[in-house]
Amino acid sequence: MAKKTPVLFPKTEAMLREFGENIRLARLRRNVTAKLTAERAGISVATLAQIEKGSPSVSLGNYMQVLVTLGLEKDILQVAADDELGRKLQDAGLGVRARASKRPGK
């Protein structure tokens, strides 16, 4: 059965392409060949090429393996680390209690 490639909005596709390009530039700055990077990540050179193009059909696990190979795995932890909108929505949903909670034993 063939893999289905997700349909993405153009803005999302552009961001994924930029992500792939950033990975490619990081590899080149480290002066590491595509073959060696793919070998260390446990993927094919063709898969690495797809990652560097920002292909949405490549698994996140493969993207992560390449980031680990380049020493950039901790960068992924920055995703949603400072969720300003989420915090505002959470704060907006917090209501003010009409009265204090009952204390145990009274």
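Throughout these exercises, a residue is called buried when its relative accessible area is under 20%, exposed when that area is over 50%, and partly exposed in between, with a 1.4 Å probe and the protein chains only. The structure is a predicted model, in which local features need pLDDT of at least 70 and side-chain atom pairs count only at pLDDT 80 or more, whereas totals for chains, interfaces and linings use all residues. Residues are numbered from 1 along each chain as its sequence is written, and side-chain values use heavy atoms, with hydrogens and water left out.

**Exercise 1. Describe the protein chain as a whole: its secondary structure, its buried share and its exposed surface.**

Step 1. Begin with the elements, where helices (H or I, at least four residues) and strands (E, at least two) are DSSP runs numbered from the N terminus. The protein chain has five helices and zero strands, and the order from the N terminus on is α-α-α-α-α.

Step 2. Turn to burial: of the 106 residues of the protein chain, 19% count as buried.

Step 3. Add the surface, taken from the Shrake-Rupley method with a 1.4 Å probe, in which only the protein chains shown count as cover for residues. About 8,600 Å² of the protein chain is exposed, and carbon and sulfur atoms supply 57% of that area.

Step 4. Finish with contacts, which here mean heavy atoms within 4.5 Å. Among the contacts in the protein chain with a separation of 6 or more, 52% are between residues 24 or more positions apart.

**Exercise 2. Work out which residues of helix H3 are buried, and what covers them.**

Step 1. Helix H3 spans residues 45-53, and its buried residues are Leu-48, Ile-51 and Glu-52. These lie on the same side of H3 because they cover an arc of only 95° around the axis, the arc being that of the directions from the helix axis to the C-beta atoms.

Step 2. On the face of H3 turned away from the buried side, the exposed residues are Ala-46 and Lys-53.

Step 3. The cover over the buried residues of H3 includes H1, helix H2 (34-41) and H4.

Step 4. Take Glu-52 of helix H3 as a single case: its relative accessible area is 11%, so Glu-52 is buried. Apart from neighbours within four places in sequence, Glu-52 is in contact with Gly-20, Glu-21, Arg-24 and Arg-27.

Step 5. After H3 comes Gly-54, which has a positive phi near 80°.

**Exercise 3. Carry out the analysis for helix H4, and then examine Ala-41.**

Step 1. In H4 the buried residues are Tyr-63, Val-66 and Leu-67. With an arc of only 100° around the axis, they are placed on the same side of H4.

Step 2. These buried residues of H4 pack against H1, H2 and H3.

Step 3. Within helix H2 is Ala-41, which counts as buried because its relative accessibility is 6%. Not counting residues up to four places away in sequence, Ala-41 touches Gln-65, Val-66 and Thr-69. From Ala-41 to Leu-67 the separation is 26 residues in sequence and 8.6 Å in space, C-alpha to C-alpha.

Step 4. H4 is followed by Gly-71, where phi is positive and near 75°.

**Exercise 4. Locate Asn-31 and Ala-80, and state whether each is buried or exposed.**

Step 1. Asn-31 is in the loop between H1 and H2, and has a positive phi of about 55° although it is not a glycine. Its relative accessibility is 70%, so Asn-31 counts as exposed.

Step 2. Ala-80 is in the loop between H4 and helix H5 (84-93), and has a positive phi of about 60° although it is not a glycine. Because its relative accessibility is 62%, Ala-80 counts as exposed.

**Exercise 5. Characterise the lining of the largest pocket.**

Step 1. On a 1 Å grid over the protein atoms alone, a pocket is an open set of points where a 1.4 Å probe fits, with protein on both sides within 12 Å along at least five of seven lines, and its lining residues have an atom within 4 Å of a point.

Step 2. The lining of the largest pocket consists of 13 residues, and those nearest its centre are Phe-19, Ile-23, Leu-67, Asp-75 and Ile-76.

Step 3. Helix H1 (10-29) and helix H4 (60-69) each supply at least two residues of this lining, and H1 gives the most, with four residues.
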